[in-house]
Amino acid sequence: MAQLLLKTEEDIERIAEAGSIAAECLIYLSRKLKPGINTLQIDRWAGEFINDNGGISASKGYHGYPAEICISPNNVIVHGIPSKKIILKDGDILSLDIAVKKNGFIGDTAATYPVGEVNDDVKQLLEVTEKSIYKALSICTIGSKIAEIGKIIEEYVNPYGFGIVRDYAGHGVGYFMHEKPNVPNYDATRELGYRLGTWTKGNSDIMIPMQTGMVFTIEPMINQGTYRTRTLTDGWTVVTSDGKLSAHFEHTLTVSEKGVRLLTLTKEEKSFR
Ligand code: MF3
Ligand code: CO
Ligand code: CO
């Protein structure tokens, strides 16, 4: 069983450096979004930005992933592959997921942006998804169980009638893209079966208590309709099974006695800490 990899303070500073490049890259790209551009162009800008800032893409080549970042429009939940054929139009939403490696350390962040004008329902989907991270952060403290993250996200999101994706989750990160623990965004305690001292079903990581040196992501993927997903034949692109819209926000963070620290902040955000 893969073990939990706790990070030193120095490691965490390095993860924050990588994470800051990823966060800056999100802002840089978000300013360029407009109808008519294709998502391969956005991927090129992302690669240039990351490299110019001393990083490399942690996604490119990961299990054979072919691009610098993941770009997921509209009904695409995650892992959208940039393409010249995918052209932005007014009223679209676009999720950008950026994982940067620098000096061997990885930071991972994502956000969903409107392209041009979107209606109020869509604005609500984006707002609720982003805000659900902050609801989750409010319970992140030494000793809290990973399960509490999904519980509080569900409590906040359910009244809106949105679907919370279950097939993909947050994760430990830092030395590798995906480390222990798995961090569900929904209440996974319902699905646990416990027998003879062994977790026989479901996700035992949710019982792990938060501790100093843990670095992980919280990354709710919230759908206008069903939580159910489908993967396209390219083997990557994950879409909503009903074709409705999906939003995705992600931060990398750490917990210590001092509280929560977000590791995927822009320079400007950090200056107000
Ligand atoms: N950044 C994604 C995550 O949040 C992982 C992307 S893996 C890739 O977990 F291969 F699709 F890039
Ligand atoms: Co992630
Ligand atoms: Co990510």
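Donors here are N, O and S atoms within 2.8 Å of the metal, and since water is not among the atoms, sites may look incomplete. Keep that in mind for the views below, which all come from a predicted model.

**View 1. The cobalt ion (ligand 3) and its protein donors.** Asp97 appears twice in this set, giving two OD atoms, and Asp108 (OD) and Glu250 (OE) make up the rest of the protein donors. They lie 2.1 to 2.5 Å from the cobalt ion (ligand 3). Read along the chain, the donors are spaced D-x10-D-x141-E. The geometry comes out as irregular, with angles of 56 to 171° among six donor atoms.

**View 2. The cobalt ion (ligand 2) and its protein donors.** Here the coordinating atoms come from Asp108 (OD), His171 (NE2), Glu219 (OE) and Glu250 (OE), at 2.0 to 2.1 Å. Along the chain, the spacing reads D-x62-H-x47-E-x30-E. This site is irregular too, its six donor atoms making angles of 49 to 166°.

**View 3. The cobalt pair, with Asp108 shared.** Which residue coordinates both the cobalt ion (ligand 2) and the cobalt ion (ligand 3)? Look for Asp108, which does so while the two ions sit 3.2 Å apart. Glu250 also turns up in both donor lists, through OE.

**View 4. Polar contacts of ligand 1.** Asp97 puts a side-chain N or O atom 3.1 Å from a nitrogen atom of ligand 1. Asp108 has a polar side-chain atom 3.0 Å from an oxygen atom of ligand 1, and for Glu250 the distance from a polar side-chain atom to a ligand oxygen is 3.1 Å. Taken alone, ligand 1 exposes 340 Å², and the protein buries 97% of that.

**View 5. The shell around ligand 1.** How many residues surround ligand 1? There are 13, and the closest are Ser59, Asp108, His171, His178 and Glu219. Sorted by character, the shell has five nonpolar, four polar and four charged residues. As for where all this happens, the space ligand 1 takes up is the largest pocket.

Note on methods. Residues are numbered from 1 along each chain as its sequence is written. Chains are lettered from A and ligands numbered from 1 in the order in which they are written. This is a predicted model: local features need pLDDT of at least 70, side-chain atom pairs count only at pLDDT 80 or more; totals for chains, interfaces and linings use all residues. Side-chain values use heavy atoms; hydrogens and water are left out. A residue is near a molecule or strand if one of its heavy atoms lies within 4 Å of it. A polar contact is a pair of N or O atoms within 3.5 Å; within protein, one must be able to donate a hydrogen and the other to accept it, and residues adjacent in sequence count only if both atoms are side-chain atoms. Accessible areas come from the Shrake-Rupley method with a 1.4 Å probe; for residues, only the protein chains shown count as cover. On a 1 Å grid over the protein atoms alone, a cavity is a set of points where a 1.4 Å probe fits but cannot get out, and a pocket is an open set with protein on both sides within 12 Å along at least five of seven lines; lining residues have an atom within 4 Å of a point. A molecule sits in a cavity or pocket if more than half of its atoms lie within 2 Å of its grid points. Ala, Val, Leu, Ile, Met, Phe, Trp, Tyr, Cys and Pro count as nonpolar, Asp, Glu, Lys and Arg as charged, and the others, Gly among them, as polar. Four donors count as tetrahedral if all angles lie between 85 and 135 degrees; four count as square planar and six as octahedral if opposite donors are over 155 degrees apart and all others between 65 and 115; anything else is irregular.
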